[in-house]
Amino acid sequence: MSVFQFGWHDRLWFYVASCVVFYFFSAASILVLAILARSRLRQVTLWKLPGPPSVSIITGNFTQMFDFDARRFHERLRKSYGRVIRIAGLLGDSHLVISDTRAVYNILVKEHAAFETPEWLLASNARNFGLSLLSIKGPIHRKQRKLLHPVFSVEHLRSLAPLFHKVTQGLVANLQETVSEGPKDINILASLEYLALELIAQGGLGYTFDSFRPDREENEFDTAIKEYMPTVARLHVLRMLAHWIPNWPPSVLRLVANILPIPALHNLMRISGTIDKYTTAIFDEKKALFNKGDDEFTHQLSEGKDIISVLMRQNLTAPREDQLSDAEIKGQMATFIFAATETTSSALARILSLLADHQDVQDRLRQEIYHARESAGGKELEYEELDKLPYLDAVCHETLRAHSPATYIPKSCREDIVLPLAHPVLTSDGPISTLFVPRGTSVLVDVTGINRDPTIWGADADEWKPERFLSPLPDSVGGAQIPGVYSNIVSFGAGARSCIGFKFALLEMKITLSYLVGSFRFLPSKTEIVWRYGGITTPAVKGSNAVGTAMPMVVESI
Ligand code: HEM
């Protein structure tokens, strides 16, 4: 006989409970399906646009689009489907990839309020960096931008140039020591990452990570910076759900995330914990100095000229409604470190890699730098002197054009809108000259698509040719009216959300190149590298599965 005895009333209860559960889940599924069907039907016009076939009912084209090796797929998209492309997202959602200049001008500049940063990206940035430019929108974003704008001005950057020189000299001394016994194959990316980190730490925060101290070893913060972009790239699909996650305290979220069997998520939790620990410590130290008065503040490493110090002073005198809270200032600190490090080190790595492959360009650049130094009486080149070097400028401009660190700028359409197009698009119903974008549609502005459009730049658009920027550009470039804070290219975005640090990045790149190319010869390594996509395009050793990135290169002192 069974141990359990069920009477008729138990069976009745069991039957009723099963019915309730069954009907509840059926109703919930029907509701979810109805919501999904409604949102997919709103996008019905987008189905007629050119685009690749979806490869999965659940993830659409996402695995092809956001994979580490996605660069070949991106190129195929551009070459095969044109300037307005529909790709499939999660559960049949339609995403647009756009490189039509008129449409992009409207997205980034004219209608920027309708095309905001996607909610999932704002929410994910808020969790990792706190309340900063990268995690807010609307009037608060405008308020932060207004207060931050002057500290990124040319006038202020000019005052930071001596600090940039000093930090870069630290890198040169370090490299001289490494190659003192002859040419050596080293991971130059690691040096560039330390440099970018140290420049934003000293110039942005008035803090030092002692990056070039001879006995310095990689610490948890260096690892966090290096692994952040590749880790979030691995979590792309999960991050798209970030804004649905409840607003629990970070410790609770970390606990829950660590229970889930997703190693990249555990890594992200470790990274965001490390960011918070370090930025809180740096902020607290700075705030204590600030409260002691101006004398203490100007005795910082940066003499109080760093971006956050200037911001804290400005904040004190700003009208109350424009002032930033402590949490907002701390958020900017974390944001600057992450926005400035991986992007500029990747851009510099790309330039050195191209210079190693084009020794003639490297020689010509070196001659220009030597000549300028001679004319300056052997002194360090001032901001204006560096800015005026035409070949150095051409090398930077052309590299950022042909190899933009950010391939796409993600936006989300917040209201039904009709975008004008510079070029008609052939849909399955025939050609269209305007594009209807329904509310809720995700849009990827294709930076590389515009930067390399052959109808704008000519048949050699895919080639890296710094000379391009030494003579007047073809009329097609001016005629295309390319939106961009950096002339004629979209690599730093455009409009209200364009890169606030673009002049900082250019100054950093030019000072670094003037020292490195002036002191060393760069030659290709025998170890093959590949450029991996992951939000920012970064180099890695071919075949390596390491999360972090690397770029071996032979460096010779001259
Ligand atoms: C080569 C280097 C860099 C590249 C290619 C780059 C590119 C970009 C791009 C494409 C955007 C997004 C525009 C948009 O969403 O519409 C952006 C935003 C941003 N960048 Fe940069 N960036 C670089 C360096 C820097 C540096 C050095 C800093 C800080 C010192 C910085 C700080 C920021 C910030 C704070 C934002 C958010 C602006 C906002 O939402 O208002 N970036 N950057």
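Start by selecting strand S5 (residues 408–413) together with strand S8 (residues 442–446): five bridges join S5 to S8, and the two run antiparallel. For one pair to click on, take Tyr-408, whose bridge partner in S8 is Asp-446. Keep in mind as you go that this is a predicted model.

Stay on S8 for a moment. Four of its five residues are buried, so the strand is largely enclosed by the rest of the structure. Now add S2 (94–98). S2 and S8 are joined by four bridges and run parallel. Two pairs to pick out here are His-95 with Ser-442 of S8 and Leu-96 with Val-443 of S8.

Next, widen the selection to the whole sheet. You should have five strands in an open sheet, ordered S1-S2-S8-S5-S3, with mixed pairing. S1 and strand S3 (115–116) are the edge strands; each has a single partner strand, so one side of each is left without a neighbour in the sheet. As a general reminder, strands of a sheet pair through backbone hydrogen bonds, either parallel or antiparallel.

With the sheet still showing, turn on helix H4 (residues 101–110). H4 lies across S1, S2, S3, S5 and S8, and runs at about 115° to S8.

Now zoom in on Ile-87, which sits in strand S1. Is Ile-87 buried or exposed? Ile-87 has 23 other C-beta atoms within 10 Å, and the cut-off for buried is 20 or more, so this residue counts as buried. Setting aside neighbours within four places in sequence, the contacts of Ile-87 are Gly-51, Pro-52, Gly-60, Asn-61, Met-65, His-95 and Val-97. His-95 is the residue you just saw bridged to Ser-442. For a sense of scale, draw a C-alpha to C-alpha distance from Ile-87 to Glu-380: the two are 50 Å apart in space and 293 residues apart in sequence.

Follow the chain out of S1 and select Leu-91, in the loop between strand S1 (84–88) and strand S2 (94–98). Check the backbone torsions: phi is positive at Leu-91, about 50°, although the residue is not a glycine. Leu-91 has 14 C-beta neighbours inside 10 Å and therefore counts as partly exposed.

There is another positive phi to visit. Jump to Gln-481, in the loop between helix H21 (475–479) and H22. Here phi is about 45°, again at a residue that is not a glycine. Gln-481 is exposed, with 12 other C-beta atoms within 10 Å.

From that loop, move on to H22 itself (502–519) and bring in helix H16 (residues 359–375) beside it. Their axes come within 9 Å and cross at roughly 110°. The two helices are therefore roughly perpendicular to each other. To see the contact, show Gln-362, Leu-365, Arg-366, Ile-369 and Tyr-370 on the H16 side, and Ser-514, Val-517 and Gly-518 on the H22 side. By class, that contact has four nonpolar, three polar and one charged residues.

H22 also takes you to the ligand. Which helices each supply at least two residues of the shell around the ligand? They are helix H8 (188–205), helix H15 (326–357) and H22. H15 gives the most, with seven residues. Of the 27 residues around the ligand, the ones that come nearest are Ala-340, Thr-343, Gly-493, Cys-499 and Gly-501. Colour the shell by class and you get 16 nonpolar, nine polar and two charged residues.

Now for another sheet. Select S4, S12 and S9: they form an open sheet of three strands in the order S4-S12-S9, with antiparallel pairing. Strand S4 (184–187) and strand S9 (520–524) stand at the edges with a single partner strand each, so each has one side without a neighbour in the sheet. From one strand to the next, the twist averages 40°. Between S4 and strand S12 (residues 552–557) there are four bridges; one pair to look at is Asp-185 with Val-554 of S12.

Last stop: Ala-34, in helix H1 (residues 8–42). Ala-34 is exposed, with 10 other C-beta atoms within 10 Å. Draw one more C-alpha to C-alpha distance, from Ala-34 to Lys-510: 55 Å in space, with their positions 476 residues apart in sequence.

Note on methods:
Residues numbered from 1 in each chain as written. Predicted model: local features only at pLDDT ≥ 70, side-chain atom pairs only at ≥ 80, totals over all residues. Near = placed C-beta within 6 Å. Nonpolar A, V, L, I, M, F, W, Y, C, P; charged D, E, K, R; others polar. Axes fitted to C-alpha atoms, helices over the stretch in contact; angles between N-to-C directions. Parallel < 35°, antiparallel > 145°, perpendicular 65-115°, else oblique. Contact = placed C-beta atoms within 7 Å. Pairing = 2+ DSSP bridges.
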